[in-house]
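Got your viewer open? Take this tour one selection at a time, and keep the cartoon view switched on while you read.

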Amino acid sequence: QVQLVESGGGLVQAGGSLRLSCAASGRTFSSYNMGWFRQAPGKEREFVAAISWSGDSTYYADSVQGRFTISRDNAKNTVYLQMNSLKPEDTAVYYCAAHPAYSNTWVWSSAYEYDYWGQGTQVTVSS
């Protein structure tokens, strides 16, 4: 089992930046592909970004491509989401999630693919 704890959320003005962190404990962090998702009030949870277990491959939603960067430090058991040029529509609770890398398939944009989830961190972008 993997325990995930997000941090780094907060209130920021449009155009500003935030860096989210997700610290993992439990089983070997490097055995998991990681993803970031978000959920705004009244909306479904949506994919934001994902990174492979090695960090070699990254994937982004079109809405954040070029503004957000996902990275990981396996030595620190942490995955990051650097968010720049934030917009009010980025306001949501952001969740990190883990997908076992030994799985034969990984649909990185599907929330159903991820076995473990953090509790979420609130990001609010004011206009």
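Start by colouring four strands: E1, E3, E8 and E7, which in that order make up an open sheet with antiparallel pairing. At the edges you'll find strand E1 (2–7) and strand E7 (68–73), each of them pairing on one side only. Now tilt the view a little: from one strand to the next, the twist averages 15°. Keep in mind that you're looking at a predicted model. What holds such strands side by side? Strands of a sheet pair through backbone hydrogen bonds, either parallel or antiparallel.

**Zoom out: the whole chain**

Show the full cartoon for a moment. How many helices and how many strands does the chain have? The tally is zero helices and eleven strands, so from the N terminus on you simply read β-β-β-β-β-β-β-β-β-β-β. Spin the C-alpha trace around, and you'll see that it spans about 40 × 25 × 25 Å along its principal axes. A compact globule with 127 residues would have a radius of gyration near 14 Å, and this chain agrees, with 14 Å.

Next, switch on the surface. The accessible area is about 6400 Å², and 45% of that belongs to carbon and sulfur atoms. Of the 127 residues, 44% count as buried. The chain also brings distant stretches of sequence together: take the contacts between residues at least 6 apart, and 59% of them join residues at least 24 apart.

**Select E3, E8 and E7**

Back to the sheet. Select residues 18–26, which are strand E3, and residues 78–83, which are strand E8; the two run antiparallel and are joined by six bridges. Which residue of E8 is the bridge partner of Leu18? Click on Met83 to find it.

Stay on E8 and turn the surface on again. This strand is mostly covered, with five of its six residues buried. Here's something to look for along a strand like this: in a regular strand the side chains alternate between the two faces of the sheet.

Now add E7 to the selection. E7 and E8 also pair in the antiparallel sense, over six bridges. Click Asp73, and you'll find Thr78 of E8 standing opposite. Together E7 and E8 form a hairpin with four residues between them. In that turn, pick out Asn77, which has a positive phi of about 55°.

**Select the charged network: Arg38, Glu46, Arg67 and Asp90**

Show these four side chains as sticks. A bit of background first: side chains of opposite charge can pair when their charged atoms come close. The salt bridge count for this model is three.

Begin at Arg38, which forms a salt bridge with Glu46; their closest N and O atoms are 2.5 Å apart. Are these two buried or exposed? Arg38 counts as buried, at 5% relative accessibility, while Glu46 is partly exposed, with a relative accessible area of 35%.

Arg38 has another partner too: a salt bridge links its side chain to Asp90, at 2.9 Å from N to O. Arg38 sits in strand E4 (residues 32–39) and Asp90 in the loop between E8 and strand E9 (92–100), so this pair ties together parts that are 52 residues apart in sequence. With 0% relative accessibility, Asp90 counts as buried.

From Asp90, follow the sticks to Arg67, where the side chains meet in a salt bridge of 2.8 Å, N to O. Arg67 belongs to the loop between strand E6 (58–60) and E7, while Asp90 is in the loop between E8 and E9, so here the parts tied together are 23 residues apart in sequence. Both Asp90 and Arg67 are buried. Step back and take in the four sticks together: salt bridges that share partners join Arg38, Glu46, Arg67 and Asp90 into one network.

**Last stop: Gln119**

Where is Gln119? Look in the loop between strand E10 (116–117) and strand E11 (121–126). Gln119 is partly exposed, with a relative accessible area of 47%. Which residues touch Gln119, leaving aside its neighbours within four places in sequence? Select Leu4, Val5, Glu6 and Tyr95, and you have the contacts.

To finish, draw a line from the C-alpha of Gln119 to the C-alpha of Ser103. They are 16 residues apart in sequence and 24 Å apart in space.

Definitions and conventions
Residues numbered from 1 in each chain as written. Predicted model: local features only at pLDDT ≥ 70, side-chain atom pairs only at ≥ 80, totals over all residues. Heavy atoms only, no water. Pairing = 2+ DSSP bridges. Axes fitted to C-alpha atoms, helices over the stretch in contact; angles between N-to-C directions. Rg over C-alpha atoms; globule rule 2.2 N^0.38 Å. Buried < 20%, exposed > 50% of the residue type's maximum accessible area, 1.4 Å probe, protein only. Contact = heavy atoms within 4.5 Å. Areas by Shrake-Rupley, 256 points an atom, 1.4 Å probe, with all protein chains shown as cover.
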